[in-house]
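Please open the model in a viewer and keep the sequence panel visible. The tour below proposes a series of selections and states what is found at each.

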Amino acid sequence: MKILFQGDSITDCGRDRSDYHNLGEGYPLFASEFIKQENPGTKFEFINLGISGNQTADLVDRLQSDFIDIKPDLVSIMIGINDTWHRAENRKWLGNDVFEANYRKVLSEIREKTSAKILMLEAFLLPVPDKEYFRVDLDPKIQIERKLAREFADYFIPVDGLLAQACIGKPSSHWSDDGVHPNRNGAEFIGRLYADAFNRMVELGILKK
């Protein structure tokens with residue numbers, strides 16, 4: 001089974017870009033280990049093509065080479081925080097209509113041109129004082145992602161909500177130093193969510209090993 005991880009720096013996480021089988025040090029690494037341990041009879045090929053700094057428009061530009069040509073059985077996408085962060089300093093936010101059009105293009109092309117199942121992981125922001133104002137722009141975009149998930153996703157992980165829950169009893173610094181990039185604890189947490197989602201997709205018959 002070929003599993004493709006897509007996204008920005010949270011997915012990239014220091015991977016060796018000369019080898020797309022190198023998963024970096026983030027959630028794809030933890031997810032792959034959990035999945036292999038819990039599905040010992042299945043041969044997996046894990047591919048990480050996340051690129052630090054990417055926004056939804058970049059995924060549109062990479063659709064053919066980094067999605068369609070890969071021919072994955074499962075493609076996961078976590079994208080969106082940079083659509084907000086890269087415009088936060090002057091607050092010239094990307095229009096929600098543009099954000100939705102970009103993401104919709106990616107999802108519709110995957111659906112039309114591949115046989116891949118789609119796992120969406122929503123963008124997230126942990127509670128840190130210097131980025132609280134990001135929520136003005138990010139929250140509506142998370143709602144757009146949830147709407148698109150209802151239309152396109154075979155499975156969806158509400159990462160923002162689950163990390164908010166995880167911050168009850170533990171400070172956000174336990175999961176991330178800057179509120180955006182997970183540390184080892186955060187990466188393992190998301191990797192666990194991912195593996196649980198994978199196992200549930202198998203259980204439901206969405207994926208066949």
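Begin by selecting Ile 68, which is found in helix H4; helices here are DSSP runs of H or I with at least four residues, strands are runs of E with at least two, and both are numbered from the N terminus. This is a predicted model, in which local features need pLDDT of at least 70 and side-chain atom pairs count only at pLDDT 80 or more, while totals for chains, interfaces and linings use all residues. Residues are numbered from 1 along each chain as its sequence is written, and side-chain values use heavy atoms, with hydrogens and water left out.

**Ile 68 and Glu 109**

Ile 68 has a relative accessible area of 10% and is therefore buried. Buried means under 20% relative accessible area, exposed means over 50%, and partly exposed lies in between, with a 1.4 Å probe and protein chains only. Show the surroundings of Ile 68: apart from neighbours within four places in sequence, the residue is in contact with Leu 63, Glu 109, Lys 113 and Thr 114, where contact means heavy atoms within 4.5 Å. A distance label from Ile 68 to Arg 104 should read 15 Å, C-alpha to C-alpha, for a pair 36 residues apart in sequence.

Move next to Glu 109, placed in helix H6. Is Glu 109 buried or exposed? With a relative accessible area of 11%, Glu 109 is buried. Residues up to four places away in sequence not being counted, Glu 109 touches Leu 63, Ile 68 and Thr 114.

**Helix H6 and its partner H7**

Extend the selection to the whole of H6. This helix has 18 residues and reaches 25 Å from its first C-alpha to its last, close to the 26 Å expected at 1.5 Å a residue; the expected span is 1.5 Å times one less than the number of residues. Among the buried residues of H6 are Phe 99, Tyr 103, Val 106, Leu 107 and Ile 110. Their cover includes helix H3 (56-61), helix H4 (63-68), strand S3 (74-78), helix H5 (81-85), strand S4 (117-121) and H7.

Add H7 (residues 135-152) to H6 (residues 96-113): the two axes come within 10 Å and cross at roughly 25°. Axes are lines fitted to C-alpha atoms, for helices over the stretch in contact, and angles run from 0 to 180 degrees between N-to-C directions. H6 and H7 are therefore roughly parallel to each other; angles under 35 degrees count as roughly parallel, over 145 as roughly antiparallel, 65 to 115 as roughly perpendicular and the rest as oblique. H6 passes H7 in a right-handed crossing. A crossing is right-handed if the near helix is turned clockwise from the far one by less than a right angle, and left-handed if anticlockwise.

On the H6 side, the residues that meet H7 include Phe 99, Tyr 103, Arg 104 and Leu 107, and those of H7 include Pro 140, Ile 144, Glu 145 and Leu 148. The residues of this contact of H6 with H7 divide into seven nonpolar, two polar and eight charged. Ala, Val, Leu, Ile, Met, Phe, Trp, Tyr, Cys and Pro count as nonpolar, Asp, Glu, Lys and Arg as charged, and the others, Gly among them, as polar.

**Helix H9 and two neighbours**

Select H2 (residues 27-38) with H9 (residues 184-203), which pack at an angle of about 45° with their axes 7 Å apart. H2 and H9 are therefore oblique to each other. Residues in this contact include Phe 30, Ala 31 and Phe 34 of H2 and Ala 187, Ile 190 and Tyr 194 of H9. The contact of H2 with H9 divides into 10 nonpolar, two polar and four charged residues.

Replace H2 by H8 (residues 159-166): the axes of H8 and H9 come within 12 Å and cross at roughly 125°. Val 159, Leu 162, Leu 163 and Ala 166 in H8 meet Phe 189, Ile 190 and Leu 193 in H9. The residues of the contact of H8 with H9 comprise seven nonpolar, no polar and no charged.

**Loop positions**

Finish in the loop between H1 and H2, where Glu 25 is found. Glu 25 is exposed, with a relative accessible area of 62%. Its neighbours within four places in sequence aside, Glu 25 is in contact with Cys 13, Phe 30 and Ala 187.

Cys 13 lies in the loop between helix H1 (9-12) and H2. Its phi is near 45°, a positive value in a residue other than glycine. Cys 13 counts as partly exposed at 25% relative accessibility.
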